[in-house]
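Below is a colleague's note, set out as numbered points, on the pockets, the salt bridges and the surface of the model shown here. Please read the points against the coordinates as you go.

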Amino acid sequence: MLKQENGQIWNMEGLGSNDMIIEQTILYGASKHALTYFTKGLAKELKNSPVKAGRLSPGMMLTEFITKSPTGEVSSVIQDKKFRKVFNTLGDEPQTVAKFFVPRILSNKKQDAHIVWLTNMKSFKRFMFAPLNKRELLK
C-alpha cells in the first residue's frame with residue numbers, strides 16, 4: 001500500500017473495544033480491545049502516509065457468535081429472555097450494517113476514521129420505540 005501510495009486498512013471493533021467486560025467473552029473482548037489499540041496506533045504511525053487506518057463499530061449483529069456455542073450447539077445466551085429482548089431491540093443483520101459501512105469506507109479520506117452504526121442516539125431511539133416495533137431477530 002505504501003509502495004502504491006494508496007490503501008485503507010479497516011478493523012472491526014466488537015465487545016471489549018469499549019472496555020465493557022462480560023463473563024464468558026474474556027478472550028474475545030481482550031482481542032477486540034487490543035485490535036482497537038492497534039488500529040489507533042497504526043493510524044498514528046501512518047499519519048503522514050497516503051495509507052489510512054480506521055475502525056468500524058457495527059454494534060450488535062446477528063452472527064454465529066451470538067447464536068452458537070463454541071461447540072456448535074445453540075448458544076445458551078439466546079435462550080435468556082432478557083438478552084433476546086435487548087438483542088431484538090438493538091441487533092441488526094450483517095447485510096444491513098454493510099449497506100451503511102461500504103459507501104462510507106469507499107469515500108473515506110480521513111486517517112483514524114471511526115464509523116459507528118449503532119450510535120448512542122440510535123440506541124436511545126430504538127429503546128424508546130421498542131413497544132411500537134416488533135423486531136424479532138432472535139425468536
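1. Which helices and strands each supply at least two residues of the lining of the largest pocket? The model is a predicted one, and in it the elements that do so are α1, α2 (64–67), α3, β3 (114–116) and α5.

2. The largest pocket holds about 1,300 Å³ of space, and its lining is made up of 36 residues. Of these, L15, Y28, M60, F65 and I66 are the ones that lie nearest the centre of the pocket. Sorted by class, the lining comprises 17 nonpolar, 14 polar and 5 charged residues.

3. The second largest pocket has a volume of about 260 Å³, and the residues around it include R84, K85, N88 and T89, together with R126, F127 and A130. The rest of that lining is given by P131, N133, K134, R135 and E136. Both α3 and α5 contribute at least two residues each, and α3 provides the largest share, with 4 residues. By class, the lining of this second largest pocket has 6 charged residues, beside 3 nonpolar and 3 polar ones.

4. How many salt bridges does the structure hold? There are 5 in the structure, and one of them joins R55 to E13, with the closest N and O atoms 3.1 Å apart. This pair connects distant parts of the chain, since R55 belongs to strand β2 (residues 51–57), while E13 sits in the loop between β1 (7–12) and α1 (26–45), 42 residues apart. Are the two partners buried or exposed? R55 has a relative accessibility of 8% and therefore counts as buried, and E13 is likewise buried, with a relative accessible area of 8%; the cut-off behind both statements is that buried means under 20% relative accessible area. E13 and R55 also belong, with D112, to a network of salt bridges.

5. A further salt bridge is formed between D92 and R126, whose closest N and O atoms are 2.9 Å apart. Because D92 lies in the loop between α3 (81–90) and α4 (94–107) whereas R126 lies in helix α5, the pair ties together parts of the chain that are 34 residues apart in sequence. D92, at 4% relative accessibility, counts as buried, and R126 is buried as well, with a relative accessible area of 16%. R126 should also be read together with point 3, as R126 is among the residues that line the second largest pocket.

6. The salt bridge between the side chains of K68 and E64 has an N to O distance of 4.0 Å, and a salt bridge is defined here as such a pair within 4 Å. With regard to exposure, K68 counts as partly exposed at 38% relative accessibility, whereas E64 is exposed, with a relative accessible area of 56%.

7. On the surface, which residues make the nonpolar patch of about 590 Å²? The patch is made by M121, F124, M128, F129 and L132. Of these residues, F124 has its place in helix α5 (residues 120–129), and α5 is also the helix that carries R126, the partner of D92 in point 5. Helix α5 appears once more in the pockets, as one of the elements supplying at least two residues to the lining of the largest pocket and also at least two to that of the second largest pocket.

Notes:
Residues numbered from 1 in each chain as written. Predicted model: local features only at pLDDT ≥ 70, side-chain atom pairs only at ≥ 80, totals over all residues. Heavy atoms only, no water. Patch = residues over 30% accessible without salt bridge, like charges linked within 9 Å, V, L, I, M, F, W, Y side chains within 5 Å. Areas by Shrake-Rupley, 256 points an atom, 1.4 Å probe, with all protein chains shown as cover. Buried < 20%, exposed > 50% of the residue type's maximum accessible area, 1.4 Å probe, protein only. 1 Å grid on protein atoms, 1.4 Å probe; cavity = no way out; pocket = protein on both sides within 12 Å on 5 of 7 lines; lining within 4 Å. Points joined across faces, edges and corners; volume = space filled by probe spheres on them. Nonpolar A, V, L, I, M, F, W, Y, C, P; charged D, E, K, R; others polar.
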